[in-house]
Structures are given as C-alpha cells and as structure tokens.
Amino acid sequence: MSASPYVIHPAPAVAPASMLDALHGLVVSHLSDNLQRLSGVRGLQRLHPQRKLVGTAFTVKTRPGDNLLIYKALMMMSPGHVLVVDGGGDTSNALVGELIMLYAQQRGCAGFVIDAAVRDSAAFHAADFPCYARAIGHRGPYKNGPGQVNVPVSIGGQVIRPGDLIVGDEDGVVSFAPDQADALIAAARQTAAMEDAIKAEIANGKVEQAWLSKVLQPFGL
C-alpha cells in the first residue's frame, strides 16, 4: 500500500500586527545585510509595480506543473498569510493566474511567492497584488496532485518553513523565523541610521569620506 499523495498540516499562526507594521518600514536590503548576506530567495521576478509584501508563510509543495494543493491551501489561509509555493522551479505551466489572485485577495492573502510560472501578469500589475514568480507563461496547470501543505519548502535556494516571516520589495524577497524578528528589526533600523549618516557625509561634497576610509585603510589603500 502506497502512502497518501497528500500531506496537509494546519495553518501557521499569523504574526502580530505590530511586528508586520515594523517590517513594513524596513527595506529588504537592510534585512538581508543583517541575515549575514547569506539568506534570501534568488531568481524570482516581481510582477506587481509597487506594493510591499509582508506576511506569514503558508507553504505548498507541488508536483511541477500542478496546482491542485494550491486550491486547498487558499481555502485554509487567513488574512496576513503569504502563499509560498515550491513548484520545483519548473516554468512549463503557470501555477496561478488572475482567478486565484482574486480569490486570494478576498481571503486577505498578503501576496504570492511562487517558484514556478504565473500567468495573467497584467492582472497582477493592475491590482498591484504582491507576486514574485520564476517566470511568466500562458500554459495553464494540471490538477492531479500529489502535493503537500505547510511543510518546509525550497524557494530559489532558500528554505522557508510554515510560519516564517516574508518580506519583499523591489530588491527581492527574504524570509526568517519569527523568533529572529525582534533582533532583526532592531539591527535593520541601526543599518538604516548608519546609511542616513553616510548620505549626510556624501552631501558635504568632500573627497575624503570616513565611510570610504573605513573600508580602504585595513588594506593600506
């Protein structure tokens, strides 16, 4: 007897609003710097023009080209969840499109991170609904399974677990565990303050700059 083709775990709790609000005020590059510049999703493109993506990962692992378990996931999600889909990086068939986007909006979904193709890209752009995907393609998906819901997934080289925090902007997407959030927010705010000080120094117009010297002096340059 073979195992069930479907593994479905309960939805993770959505992060507190205060934490999500704090992350809205931070840029992805500052979060990335304080994740040792080793973490983060790579290779996805942003389909929407502007809106920031902040929310809690609700993960799906699908067979490449198949979106059956995405349908199940959409019905389980709560406002603030981000649909994170491991489609194996395959771009032969689009796993989500306008209809799924519209339903997800009604459910309060914060956005999509899809390691596969997406279609109806104009609809995502017009709605400014946060969506990062491997590619755009017109061919639709199959709906046969197998698949898994709320298991660890791999998205562009980054392991994302159910309940991880997701932040995306024009530079890309990072993820991290909720227990890292407070320290990471504080560190990213420090990075922002440091960069503001550097911007002020650049504005003075001098060739000699402390931030440049700090990098060059250890190498005798």
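This report walks through the overall build of the protein chain, two pairs of packed helices and one buried residue.

## The chain as a whole

Welcome to the structure above, which is a predicted model. The protein chain holds 7 helices and 12 strands. Measured out along its principal axes, its C-alpha trace spans about 70 × 35 × 35 Å.

Of the chain's 221 residues, 45% count as buried. It also helps to ask how far apart in sequence the touching residues lie. Among contacts between residues at least 6 apart in sequence, 75% join residues at least 24 apart.

## Helices α3 and α4

Two packed helices are described by the angle between their axes and the distance between the axes. A good place to start is helix α3, residues 68-76, which packs with helix α4, residues 98-106. Their angle is about 20° and their axes are 9 Å apart. Since angles under 35 degrees count as roughly parallel, α3 is therefore roughly parallel to α4. The crossing of these two helices is left-handed.

If you would like to find the contact in the model, look for I70, Y71, L74 and M75 on the α3 side. On the α4 side, the residues to look for are I100, Y103 and A104. By class, this contact has 7 nonpolar residues, with no polar and no charged ones.

## Helices α1 and α6

Another pair to visit is helix α1, residues 17-24, with helix α6, residues 181-202. Here the angle is about 25°, and the axes are 10 Å apart. With that angle, α1 is roughly parallel to α6. The crossing of α1 and α6 is left-handed.

From α1, the residues that make the contact are M19, A22 and L23. Helix α6 brings A181, D182, I185 and R189. Sorted by class, the contact of α1 with α6 has 5 nonpolar and 2 charged residues, and no polar ones.

## A look at Q158

Let us finish with a single residue. Q158 lies in strand β10, which covers residues 158-160. Is Q158 buried or exposed? Its relative accessibility is 12%, and buried means under 20%, so Q158 counts as buried.

Which residues does Q158 touch, not counting those up to four places away in sequence? They are S39, G40, V41, V153 and S175. With G40 there is also a polar link to spot: the side chain of Q158 reaches the backbone nitrogen of G40 at 2.7 Å.

Key:
Residues numbered from 1 in each chain as written. Predicted model: local features only at pLDDT ≥ 70, side-chain atom pairs only at ≥ 80, totals over all residues. Heavy atoms only, no water. Axes fitted to C-alpha atoms, helices over the stretch in contact; angles between N-to-C directions. Helix = DSSP H or I, 4+ residues; strand = E, 2+ residues; numbered from the N terminus. Parallel < 35°, antiparallel > 145°, perpendicular 65-115°, else oblique. Left-handed = near helix turned anticlockwise from the far one by under 90°. Contact = heavy atoms within 4.5 Å. Nonpolar A, V, L, I, M, F, W, Y, C, P; charged D, E, K, R; others polar. Buried < 20%, exposed > 50% of the residue type's maximum accessible area, 1.4 Å probe, protein only. Polar contact = N/O pair within 3.5 Å; in protein donor to acceptor, adjacent residues only side chain to side chain.
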